[in-house]
Structure formats: C-alpha cells, structure tokens
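Colleague: I am new to this model and should like to understand the terms used to describe it. May I see it before we begin?

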Amino acid sequence: MRLDGHGGRHDWQPQTFMARLPEDTRRVLLAAARTRNHGAGELLMLQGDVAHHVLVLGSAGRTGSSACAKITSSLADGTEGLLGIRVSGDVVGETAAVRGSARSATVTCCSPVRVHVLSRDAFLGFLDRHPAAWRALACTLADRLDASNRRRLDFAAFGVAVRLARALVELVERHGCRTANGHELGVHLSQAELGRLIGAREDAIGLAMRQLKRNGLAVTHYCGVTVTDLDELRRFARLI
C-alpha cells in the first residue's frame, strides 16, 4: 500500500499503466489530477461521447482491494460485447485523448472506484514531458492488443468450454487471489458478462460452467466464480 501526497491510498495492480511508471513520475501525474469517487454500477464514460478527460483508476474500497471497471461496446442493433476489465492503476479514455476522437466504449464501475481525472491537454502534456510515461502507455496498449488477439484466436480454435477456461485462467492470473477453496477471479462477472467476454451465449456459458464443475475445475456462487483446481484448469484450457 502507498500513500500519495493528498493522503490517498494506492494499490496499483501489476502490469498497469501506473505500476509501470517510476515513482517520481507517478507523483507528478497525481499532483496534476483531481479526484472523485464512484460507486458500483456508475458510468465513468459512455460510448460515443465527445469528452476531453482521461481517468486513472484507483481503489475506493478496503485496504488491499482493487478497483474494477468493465469496458463494453455496443453495435447499432444493441448487441453488446465485454471488451475487457480495468483495475487499480489502469488508465481509461486515453485512446480518445490521443486521437482526439469520440469515446469508443462505455466504462462502468463494478466496485467502488476512486478516479484521478486529468484533462486531455494535461494528460498529453504529461506524456510529452515524461518519456517513461509514453513507454508505459505503449506497453499497456500492446498488452490490450495482445489480449484482443488471443480472444480472436481462441474463438477460431476452441469451443465454448475451453474458451471459458482460458478466460478464467487469465482473470485469475491478472486479478485473482488464493482462498481456502481455490482461487477467486478478483472481479465479479455474471455468466452473461463472461459470455460477452468470450463471444458466447449465456446458455452456452451455463453448459460450459457445468462441465467445469463436473471436472472439479470451477464452481459458481453468488459472488461469481471460484477456480477450484488452477493447474488442472490450465490443462483443460490447453495452456500447459
């Protein structure tokens, strides 16, 4: 846990934009930002909006907890896809800021979130004054592109159960924690949202989850999903 100069608590998650910044560069960014808190279910950004700010996500929950927000995008016919999950230390709205374009996706809080708000000009000026920040942003965007490419390859190569297993492994490895019963995902996603993440219908996700449960790999509960045997889930997902 780290404290900023304003008394705020920061638990930056590994491989996020903020985690990649040198400590002194993080302090400069936070000093230029204003903060506000949002509750679970609140919108941070709306697809199609033209806005001029960038947000860095931080935790507003208990010590050691991470912020969680989901990134969704909709087609004209109402079809919605879950593009990804963002956690403490992630930046959102940066693509529209760099391109000067409308928002390409909607960002919704899945947990209490403290956001650090920078204007587009302040964010771009920060990047220009700190080359390490440009490198951190480039690495972050490259990670997101890799994740998107993996999803496309998974869709072409595997059925729903294997795609779901691969997604669960990735969520545990990025956001999860060990518990007495196995591993929690670290983010709360409904079966419908898991389906949107891997491009599957909710009924197909239900069948896949039952298969994972029969194999002793994962179970569902009111808080989400628990991976009960991570090594065997990796084997089922053809990751080892």
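Modeller: Two strands are said to pair if DSSP finds at least two bridges between them. Please bear in mind that this is a predicted model. With that definition, one sheet can be described: four strands form an open sheet in the order S4-S9-S6-S7, and their pairing is antiparallel.

Colleague: What makes strand S4 and strand S7 the edges of this sheet?

Modeller: Strand S4 (43–45) and strand S7 (80–87) each have a single partner strand, so one side of each is left without a neighbour in the sheet. Neighbouring strands here are turned by 30° against each other on average, direction ignored.

Colleague: How do you know that strand S6 and S7 are paired?

Modeller: Pairing requires at least two bridges. Seven bridges join strand S6 (residues 68–74) to S7, so the two strands count as a pair, and they run antiparallel. Within this pairing, Ser 73 stands opposite Gly 81 in S7.

Colleague: Why is Lys 70 called buried?

Modeller: Lys 70 is part of strand S6. Buried means under 20% relative accessible area. The value for Lys 70 is 18%, and therefore the residue is called buried.

Colleague: What makes the approach of Lys 70 to Glu 193 a polar contact?

Modeller: The cut-off for such a pair of N or O atoms is within 3.5 Å. The side chains of Lys 70 and Glu 193 are in contact at 2.3 Å, and so the distance satisfies the cut-off.

Colleague: Which strands form the other open sheet, and what makes two of them edges?

Modeller: Four strands, in the order S11-S12-S14-S13, form an open sheet with antiparallel pairing. Strand S11 (177–179) and strand S13 (218–221) stand at its edges, because each has a single partner strand and thus one side without a neighbour in the sheet. The average turn between neighbouring strands of this sheet is 35°, direction ignored.

Colleague: How do you know that S13 and strand S14 pair?

Modeller: S13 and strand S14 (residues 224–227) share four bridges in the antiparallel sense, and the requirement is at least two, so they pair. Thr 220 has Val 225 in S14 as its bridge partner.

Colleague: How many cavities of 30 Å³ or more are there, and which residues line the largest cavity?

Modeller: A search of the whole structure finds one cavity of 30 Å³ or more. The largest cavity has a volume of about 30 Å³. Its lining consists of Gln 13, Ser 66, Ala 67, Val 87, His 175, Gly 186 and Val 187.

Colleague: What makes the count of polar residues in this lining four?

Modeller: Gly counts as polar, so Gly 186 belongs with the polar residues of the lining. The lining divides into three nonpolar, four polar and no charged residues.

Terms used. Residues are numbered from 1 along each chain as its sequence is written. This is a predicted model: local features need pLDDT of at least 70, side-chain atom pairs count only at pLDDT 80 or more; totals for chains, interfaces and linings use all residues. Side-chain values use heavy atoms; hydrogens and water are left out. On a 1 Å grid over the protein atoms alone, a cavity is a set of points where a 1.4 Å probe fits but cannot get out, and a pocket is an open set with protein on both sides within 12 Å along at least five of seven lines; lining residues have an atom within 4 Å of a point. Grid points are joined across faces, edges and corners, and a volume is the space filled by probe spheres set on the points. Axes are lines fitted to C-alpha atoms, for helices over the stretch in contact, and angles run from 0 to 180 degrees between N-to-C directions. Buried means under 20% relative accessible area, exposed over 50%, partly exposed in between (1.4 Å probe, protein chains only). A polar contact is a pair of N or O atoms within 3.5 Å; within protein, one must be able to donate a hydrogen and the other to accept it, and residues adjacent in sequence count only if both atoms are side-chain atoms.
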